[in-house]
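Student: Please take me through one part of this model in detail. I would like to see a single strand and its surroundings, then how that part sits in the chain.

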Amino acid sequence: MAFSVPIELGYEFSVKAPFKDVFAVLSDVPKSVSHFPKVDKLVDEGKGVYRWEMRKVGIASIQLQTIYASKYVSDAKKGSVVWTPVAGVGNAQVGGSWKIADKKSQTDLELKIEGVVEVPLPGLMKGVATPLVRGEFEGLVDKYVDNLIKAFGGEA
């Protein structure tokens, strides 16, 4: 048995780095992912599709490894990087977007992530596991955002 854990996160912040530098990092998937914690492997599947394989997390006999693939499309004129889930890969479906805006003295960023993680545990564990899965995912994204802010010279 397994159950689904929906994830929805949103962040808005500004950094000191210029738009072109920020866009260059966020539109280059491997470069962007290098700031994301606990990634075991990022596999380039071609045509803008990347498979994420996260490190295993859990305790004792309960270990969960999240694996998913997303297709990435970047548009410098729109200041966007959008990723959509690729069906049939791994145990999660994750999509999202970056909106990147040039404000002359700073760059404004908006990050949205939506996904569903399939957890291969009995339904009886849902009440305990759901907040743990959400908390782990949110903690990883929080650290990713913090790492990007540092890389871009701090918040504006």
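Tutor: What follows is a close look at strand β9 and its partners, and then at the rest of the chain. Keep in mind that this is a predicted model.

Start with β9 itself. The strand covers residues 107–119, and its side chains alternate between two faces. On one face sit T107, L109, L111, I113, G115, V117 and V119, which are buried. The other face carries D108, E110, K112, E114, V116 and E118, and these are not buried. The cut-off matters here: a residue counts as buried when its relative accessible area is under 20%.

Now the neighbours. β9 pairs with β1, which spans residues 3–15. The two run antiparallel, and 13 bridges join them. One pair to find on screen is F3, which stands opposite V119 of β9. β9 also pairs with β8, residues 92–102. That pairing is antiparallel too, with 11 bridges. Here G96 faces I113 in β9. So what connects β8 to β9 along the chain? The two strands form a hairpin, with 4 residues between them. In the turn, K104 takes a positive phi of about 65°. Most residues other than glycine have a negative phi.

Stay with F3 for a moment. T130 touches both F3 and V5, leaving aside residues up to four places away in sequence. T130 belongs to helix α3, residues 126–151. Is T130 buried or exposed? T130 is buried, because its relative accessible area is 12%, and the limit for buried is under 20%. F3 thus appears in two places: opposite V119 in β9, and in contact with T130.

Next, follow the pairing from β8 away from β9. β8 is joined to β7 by 4 bridges, and these strands run antiparallel. Look for V81, which stands opposite W98 in β8. β7 and β8 form a hairpin with 6 residues between them. G88, in that turn, has a positive phi of about 80°. β7 covers residues 80–85 and is joined to β6, residues 67–75, by 6 bridges. Again the strands are antiparallel. The bridge partner of Y72 in β7 is W83. The hairpin of β6 and β7 has 4 residues between its strands, and G79 takes a positive phi near 65° there.

Two further lysines deserve a check on backbone angles. K38 has a phi near 60°, a positive value in a residue other than glycine. K38 lies in the loop between α2 (29–33) and β2 (39–46). With a relative accessible area of 34%, K38 is partly exposed. K47 has a positive phi as well, near 55°. K47 sits in the loop between β2 and β3 (49–54). How covered is the residue? K47 is exposed, at a relative accessible area of 77%.

Go back to β1 and follow the chain out of that strand. P18 falls in the loop between β1 and α1 (19–26). P18 counts as partly exposed, at 43% relative accessibility. Now place P18 against M1. The two are 17 residues apart in sequence, and their C-alpha atoms are 48 Å apart in space.

Finally, set these parts in the whole chain. The secondary structure comes to 3 helices and 9 strands. Along the sequence, the order is β-α-α-β-β-β-β-β-β-β-β-α. The radius of gyration is 16 Å, close to the 15 Å from the globule rule for 156 residues, so the chain is as compact as a globular protein of that length. The C-alpha atoms fill a box of roughly 50 × 30 × 20 Å along the principal axes.

Burial and contacts complete the account. Of the 156 residues, 42% count as buried. Among contacts with a separation of 6 or more, 55% are between residues 24 or more positions apart. The chain exposes about 8,600 Å², and carbon and sulfur atoms supply 55% of that area. Charge comes last. There are 20 positive and 19 negative side chains, and the centres of the two sets lie 3 Å apart.

How values were computed. Residues are numbered from 1 along each chain as its sequence is written. This is a predicted model: local features need pLDDT of at least 70, side-chain atom pairs count only at pLDDT 80 or more; totals for chains, interfaces and linings use all residues. Side-chain values use heavy atoms; hydrogens and water are left out. The radius of gyration is taken over C-alpha atoms; the globule rule is 2.2 Å times the number of residues to the power 0.38. Buried means under 20% relative accessible area, exposed over 50%, partly exposed in between (1.4 Å probe, protein chains only). Contact means heavy atoms within 4.5 Å. Accessible areas come from the Shrake-Rupley method with a 1.4 Å probe; for residues, only the protein chains shown count as cover. Lys and Arg count as positive and Asp and Glu as negative; His and the chain ends are not counted. The place of a charge is taken as NZ of Lys, CZ of Arg, CG of Asp or CD of Glu. Two strands pair if DSSP finds at least two bridges between them.
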